[in-house]
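User: I have a model to go through with you. Please keep the answers short.

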Amino acid sequence: MELVQIQLPGDFGGWYPGPRVDEVTAEKPVAFEGGGVKILVLRVTGALRAFRNACAHVGLPLERGTCDTEAGTLTCPWHGFRFNADTGKCLSAPQCQLEPFPLRVTTGIVWVKPS
Ligand code: FES
């Protein structure tokens with residue numbers, strides 16, 4: 001998985017640019033870093049979502065996870081925890097949750113505001 005990192009001058013109110021919209025497919029989450037935070041962007045049922053790129057199990061990265069577009073899930077590549085790719089809710093351990101981030105698209109670029 002390619003890590004995208006862009007350095008821009010100035011302050012964008014806490015928003016960071018990530019991948020182009022067309023780089024995020026239903027099968028392939030994209031990881032990038034903004035403001036020192038590791039971010040995962042994925043596409044589920046046509047919509048884009050952003051989460052902290054840390055599995056709710058033990059915090060390992062998720063960009064090599066498997067997306068099931070019919071079920072709308074993301075499965076962690078490390079130990080198999082499954083997440084609702086829309087909400088980040090863990091289906092394997094209900095007490096766990098991916099941390100969602102606000103996302104917007106401007107001129108074909110995904111922008112994320114990590115907290
Ligand atoms: S780190 Fe994701 S299931 Fe263990």
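**Strand 11 and the core**

User: Which residues form the covered face of strand 11 (residues 109-112)?

Analyst: This is a predicted model. In a regular strand the side chains alternate between the two faces of the sheet. On strand 11, Ile 109 and Trp 111 make up the uncovered face. The covered face holds Val 110 and Val 112.

User: Which residue in strand 11 is the bridge partner of Arg 104?

Analyst: Strand 10 (residues 103-106) pairs with strand 11 in the antiparallel sense, over 4 bridges. Strand 2 (residues 16-20) also runs antiparallel to strand 11, joined by 3 bridges. From strand 2, Pro 17 stands opposite Trp 111. The bridge partner of Arg 104 is Trp 111.

User: Which residue takes a positive phi in the hairpin of strand 10 and strand 11?

Analyst: The hairpin has 2 residues between its strands. Phi there is positive, near 45°, at Thr 107.

User: Which strand gives the largest share of the largest nonpolar core?

Analyst: That core has 24 residues; Ile 39, Leu 40, Val 41, Leu 42, Ala 50 and Val 112 touch the most other members. At least two residues each come from strand 3 (30-34), strand 4 (37-44), strand 5 (47-52) and strand 11. The largest share is 5 residues, from strand 4.

User: Which residues of the covered face of strand 11 are in contact with Val 41?

Analyst: Set aside neighbours within four places in sequence. Val 41 then contacts residues including Leu 48, Ala 50, Gly 18 and Pro 19. From the covered face of strand 11, the contacts are Val 110 and Val 112.

Definitions and conventions: Residues numbered from 1 in each chain as written. Predicted model: local features only at pLDDT ≥ 70, side-chain atom pairs only at ≥ 80, totals over all residues. Buried ≥ 20, exposed ≤ 12 C-beta atoms within 10 Å, placed from the backbone. Pairing = 2+ DSSP bridges. Core = buried A, V, L, I, M, F, W, Y, C linked by C-beta atoms within 7 Å. Contact = placed C-beta atoms within 7 Å.
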